[in-house]
Amino acid sequence: MIILVRLLRIALVTILCIVSFAALFEFLNAIPTHLSLSNHPQEGVAHSRGLLVFDAFVWGVVFRAPGYLFNGTIPLLIVLAVTEWKSAKSLRWYLTIWIVAGLLATGFPVSDPLRLSAALLAAAATGYLYWLLAGKSAGDWLQAWQTREPNAGRKVLNYAAYVVLAYLGYQLSGYLYYGGKLLWVSSGPEPDPGTPPFRVRFEREMTASKKVAMMDFPDPASCLKEAETDDLSTDRLKEMDWDRIDNTDEAEVCVFRLLGSYENLSYATGWFEAQGFHVPPNFSSARPYVELDGTLRITGVHSIRKDGPKFPTTGIIRRAFRSIPYSMSVDATWSKDGKQLLWVKTGFSTL
């Protein structure tokens, strides 16, 4: 019981601290802009200046926090579980942990001193908050657990706590494996673009996680449901295996591999509809949207509010976070003649 209660406390405090970091970071990040606005006599400007910092705070809680919670909760719980086991009560440990986590969450903004300062201050404050609520009592439960009286009900709860620890260990192995692949693509040679050659619109979009997705899904067959045939007919290309998709990068790579295997964009509407997407008439194969540069865009929209997230298909916590947006859209852009797929972009709409 002691272990389970302590784990629950750590989890709740960690979630509170992640949300606090998101709000505080956006708040501090907005202060320079707030101060730079002149005291213009017009009411509209003064009103905007007065609400800027508050809006940033709300933005951090409503929009930033869910992403930080989705990506950071499990890794932080694993690290903080280690500090519990080692009875690390020193404030400097928690300041270091949260500062590193804060820099990772904000992309190490070393080129932007103001943003970097906001991240460091927010992370330091969050580290102190965690230490105050949980860190300074780390390991106290060990002594209480060792001196406990035997109890059958307590033994069952202890086993439940061990199950939670085993789950965290399993998650840690997954993060380490994926982290190793990220390190490999970041420091090693460029991965093969695959078949058809994957491309992005802007070079900055070719992130390490997207390169990992390119390696994991090198061709159309790797994105399809298992079948006895190796045939890649037009109908077979519609059998995308969403159970293999864990993140947006993998989704974009696989959609590109499959749509790019068709001769032209005339097959796109049927492909999207086979995945359960709605294709608006003005963004369809029959009437694609014409961009300013003449390229042609077709869009498929999936209602998360109605049908649930397309990915991931497993994991209660991960699906819960993916259920926050109310819809997902996939934009597929073709060349001016509609014969070559140029890039695929996934977006989410959140209230």
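What follows is a chat between a student and a tutor about this predicted model.

Student: Let's start with the sheet. What order do the strands come in?
Tutor: The order is β1-β2-β3-β4, in an open sheet of 4 strands with antiparallel pairing.

Student: Which strands stand at the edges?
Tutor: β1 (289-290) and β4 do. Each has a single partner strand, so one side of each is left without a neighbour in the sheet.

Student: And how many bridges join β2 to β3?
Tutor: There are 8 bridges between β2 (residues 296-303) and β3, and the two run antiparallel. If you want to find the register, look for His302, which stands opposite Met328 in β3. Another place to check is Ile298, which faces Ala332 in β3.

Student: OK, other side of β3. How many bridges join β3 to β4?
Tutor: Strand β3 (residues 327-334) is joined to strand β4 (residues 341-349) by 8 bridges, again in an antiparallel arrangement. Ser329 has Gly347 as its bridge partner in β4, and Trp334 has Leu341.

Student: How many residues sit between β3 and β4 in the hairpin?
Tutor: 6 residues, and Gly338 in that turn has a positive phi of about 75 degrees.

Student: Is β3 itself largely enclosed or left open, and why?
Tutor: Largely enclosed by the rest of the structure, because 7 of its 8 residues are buried.

Student: Switching to aromatics. How many aromatic pairs are there in the whole structure?
Tutor: A search of the whole structure finds 13. One of them is Phe21 with Phe25, a stacked pair at 5.9 Å centre to centre, with 10 degrees between the planes.

Student: Where do Phe21 and Phe25 lie?
Tutor: Both are in helix α1 (residues 2-36), 4 residues apart, which is about one turn of the helix.

Student: Buried or exposed, starting with Phe21?
Tutor: Phe21 counts as buried because its relative accessibility is 5%, and the cut-off for buried is under 20%. Phe25 counts as buried too, at 0% relative accessibility.

Student: Got another pair for me?
Tutor: Try Tyr94 and Tyr130, which form a tilted pair at 5.4 Å centre to centre, with 35 degrees between the planes. The pair links distant parts of the chain: Tyr94 is in helix α3 (residues 91-105) and Tyr130 in helix α4 (residues 113-133), 36 residues apart. Both Tyr94 and Tyr130 are buried.

Student: Which residues do ring pairs link into a cluster?
Tutor: Trp242, Trp271, Phe272, Phe277, Phe311 and Phe348.

Student: And what lies over the face of Trp131?
Tutor: Lys136 does, at 5.7 Å from the ring centre.

Student: Helix packing now. At what angle do α7 and α8 cross?
Tutor: Roughly 45 degrees, with the axes of α7 (residues 208-216) and α8 (residues 248-259) coming within 8 Å.

Student: Why call α7 and α8 oblique?
Tutor: Angles under 35 degrees count as roughly parallel, and roughly perpendicular runs from 65 to 115. Their angle of roughly 45 degrees falls between those ranges, so α7 and α8 are oblique to each other.

Student: Right-handed or left-handed crossing?
Tutor: The crossing of α7 and α8 is right-handed.

Student: Last one. Where is Ser87?
Tutor: Ser87 is in the loop between α2 (43-85) and α3. At 31% relative accessibility, Ser87 counts as partly exposed.

Student: How far apart in space are Ser87 and Asp140?
Tutor: They are 7.4 Å apart, C-alpha to C-alpha, with their positions 53 residues apart in sequence numbering.

How values were computed: Residues numbered from 1 in each chain as written. Predicted model: local features only at pLDDT ≥ 70, side-chain atom pairs only at ≥ 80, totals over all residues. Heavy atoms only, no water. Pairing = 2+ DSSP bridges. Phe/Tyr/Trp six-rings, centres within 6.5 Å; stacked < 30°, edge-to-face > 60°. Buried < 20%, exposed > 50% of the residue type's maximum accessible area, 1.4 Å probe, protein only. Lys NZ or Arg CZ within 6 Å of the ring centre and 35° of its normal. Axes fitted to C-alpha atoms, helices over the stretch in contact; angles between N-to-C directions. Parallel < 35°, antiparallel > 145°, perpendicular 65-115°, else oblique. Left-handed = near helix turned anticlockwise from the far one by under 90°.
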